[in-house]
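Good morning, colleagues. I would like to take a few minutes to go through the model now on the screen, beginning with its general layout and ending with one helix.

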Amino acid sequence: WFEFDMSHGPPDGCEVRGDGTRNGVRATESWLYMPFIFDAVGRPDLFPATHRTRGWPVVADMLGYELRQAGHTLQSLLAETGPDLHLPAARQEELISLSGVATDFIIREANRQSREVMPAVRALQRLQRPLGEALVQEAESCVICQEDLRVGEQAVHLPCHRTHVMHFGCLR
């Protein structure tokens, strides 16, 4: 299924080719699987609703049924993921593969979302720079994690406002 663990997002330098591979290797889109998994066990509110396209409610019921049959409940998944609601790519793949219909739907939908997201990720990567002292003094903290910014850190400074600065890692 995969060579790269893309459970938090595509790794740097891993570009999608026209044949659907990344650097010639079939890669997982598992960074987009967790919303489907939690939706199927009854917690659609944990992630944005970008994955709820036509047909998903029926597929969610199928995957939810298979997850419950295998002994996976909302509580067991929350305990397994911890506070960051994350599982390694291989585990995510294992869970969605409990339902063949769900696997096909989720992979197709994740590939579609990835194609839509990757141009924005590449645009943000182009804005990534080491922080200078003047910008650190003006912006002070990352707008996402609220931690202090440090001179030399890799960050993205959005051109829309002088204080819209964030750690590049926080964007992923």
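Let me first fix a term: a residue is called buried at under 20% relative accessible area, exposed at over 50%, and partly exposed in between, with a 1.4 Å probe and protein chains only. This is a predicted model, in which local features need pLDDT of at least 70 and side-chain atom pairs count only at pLDDT 80 or more, while totals for chains, interfaces and linings use all residues. Residues are numbered from 1 along each chain as its sequence is written, and side-chain values use heavy atoms, with hydrogens and water left out.

The protein has seven helices and three strands; these are DSSP runs, H or I of at least four residues for helices and E of at least two for strands, numbered from the N terminus. Their order from the N terminus is α-α-α-α-α-β-α-β-β-α. Of the 172 residues, 38% are buried. A contact means heavy atoms within 4.5 Å; among contacts with a separation of 6 or more, 57% join residues 24 or more positions apart.

I turn now to helix 3. Which residues of helix 3 are buried? Within this helix, residues 74-81, they are Leu74, Leu77 and Thr81. Viewed down the helix axis, these buried residues fall within an arc of 70 degrees, so they line one face of helix 3; the arc is taken over the directions from the axis to the C-beta atoms. Their cover includes helix 1 (34-40) and helix 4 (89-96). On the face turned away from the buried side, helix 3 carries the exposed residues Gln75 and Ala79. After helix 3 comes Gly82, with a positive phi near 75 degrees.
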